[in-house]
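Me: I'm new to this structure and would like a close look at one part of it. Could you walk me through how the strands pair up, and then what packs around them?

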Amino acid sequence: MSVKENLAKIQADINEICGRVGRNPKEINIVAVTKYVSLETTEAALNAGLSHIGENRAEAAVQKWHALQNRGIWHFIGSLQTRKVKEITGKFDYLHSLDRLSLAKEVDKRLGDGQVMKCFVQVNVSKEESKSGLSPAEVIPFIKELVEYKGIQVVGLMTMAPFYKDPEQTRPVFQKLRELRDDVHSLKLEHAPCTELSMGMSNDYGIAVEEGATFIRIGSALVGRE
Ligand SMILES: *Cc1c(COP(=O)(O)O)cnc(C)c1O
């Protein structure tokens with residue numbers, strides 16, 4: 001299956017779900033996760049009409065970014081070592097894995113004057129030991145502390161659900177993230193509008209869309225694995 005065919009299927013799914021739950025499909029941004037695939041396939045994703053590209057390794061991502069001449073809107077979706085921050089600032093628009101103050105501080109320091117990084121605070125809703133992210137109780141105090149870093153804009157919250165054979169089991173995880181997003185949003189913090197939800201991957205994006213996802217991060221079901 002080509003990226004175009006995969007995208008058509010996923011888009012049809014999203015349209016069907018949105019019709020059923022009363023959402024506007026335009027609210028849902030598909031981030032094409034290209035970490036498993038070549039430059040050529042990444043380019044095919046852009047040519048298929050996808051504009052959001054997600055990568056989780058700084059070196060590989062920056063090589064692609066240079067090769068693609070700045071096409072696309074770039075999302076850093078993996079855990080990011082502080083010493084690698086300077087490789088992605090000025091290139092990536094979004095960071096989906098903000099999980100500590102030292103990272104926020106470094107991002108803020110490396111951004112140019114007037115630049116901002118749109119950040120998702122990563123939450124480990126399911127409390128799996130293998131996953132990074134803050135516990136739900138830590139999220140609001142953490143976000144309040146981010147006010148001192150002028151370049152950090154908290155656009156929303158992100159989570160990775162555990163892998164379940166039956167994606168229905170992820171629903172409580174996504175519901176919890178949405179409640180937490182609403183709590184942060186209602187604080188009306190200028191540096192943290194927190195309107196977005198980054199949740200849902202190849203296996204569980206349908207449930208995530210039902211539960212309010214605005215950015216779904218899809219790799220294997222969209223661009224495959226090479
Ligand atoms: C790899 C990855 C994805 C995409 O995974 P698929 O299951 O291939 O869709 C999404 N989010 C994050 C954070 C990832 O690391």
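Reply: Sure, let's start with a pair of strands: strand 3 and strand 4 (residues 94–98) run parallel and are joined by two bridges. Keep in mind that this is a predicted model. To find the pairing by eye, look for H75, which stands opposite Y94 in strand 4.

Now step over to the other pairing of strand 3. Strand 2 (residues 52–55) and strand 3 (residues 73–76) are parallel too, with four bridges between them. Here H52 is the residue to look for, standing opposite I73 in strand 3. To get from strand 2 to strand 3, the chain passes through helix 3 (residues 58–67), making a right-handed β-α-β crossover.

Next comes helix 2 (residues 39–47), where T41, T42, A45 and L46 are buried. Looking down the axis of helix 2, you'd see its buried residues fall within an arc of 150°, so they line one face of the helix. On the face turned away from that buried side sit E40 and N47, both exposed. And what do the buried residues of helix 2 pack against? Their partners are helix 1, strand 1 (29–33), strand 2, helix 3 and helix 9 (220–223).

That brings us to the nonpolar core. In soluble globular proteins, nonpolar side chains tend to be buried together. The largest core in this model has 65 residues, and L98, I143, L146 and L222 touch the most other members. Helix 1 (residues 3–21) gives the largest share of this core, six residues. Take L222 as an example: leaving out residues up to four places away in sequence, L222 touches V3, N6, L7, I10, I30, A32 and L50. There's also a second, separate core of six residues, with V31, Y94, M158 and F215 among them. You've met Y94 already, as the residue opposite H75.

One more stop, at a loop. N124 lies between strand 5 (117–122) and helix 6 (136–145). Is N124 buried or exposed? Its relative accessibility is 9%, below the 20% cut-off, so N124 counts as buried. Leaving out residues up to four places away in sequence, N124 touches K131, S132, G133, L134 and P136.

Finally, a label for the wider region: an unreviewed UniProt entry lists residues 6–224 as "domain: Alanine racemase N-terminal". In the model, that span is 39% helix and 17% strand, and its end C-alpha atoms lie 9 Å apart.

How values were computed. Residues are numbered from 1 along each chain as its sequence is written. This is a predicted model: local features need pLDDT of at least 70, side-chain atom pairs count only at pLDDT 80 or more; totals for chains, interfaces and linings use all residues. Side-chain values use heavy atoms; hydrogens and water are left out. UniProt positions are given in the numbering used here, feature names are shortened, and annotations may be inferred rather than shown by experiment. Buried means under 20% relative accessible area, exposed over 50%, partly exposed in between (1.4 Å probe, protein chains only). Contact means heavy atoms within 4.5 Å. Two strands pair if DSSP finds at least two bridges between them. A crossover is right-handed if, with the strands pointing away from the viewer, the path from the first strand over the helix to the second runs clockwise. A nonpolar core is a set of buried Ala, Val, Leu, Ile, Met, Phe, Trp, Tyr and Cys residues joined through side-chain atoms within 4.5 Å. The arc is that of the directions from the helix axis to the C-beta atoms.
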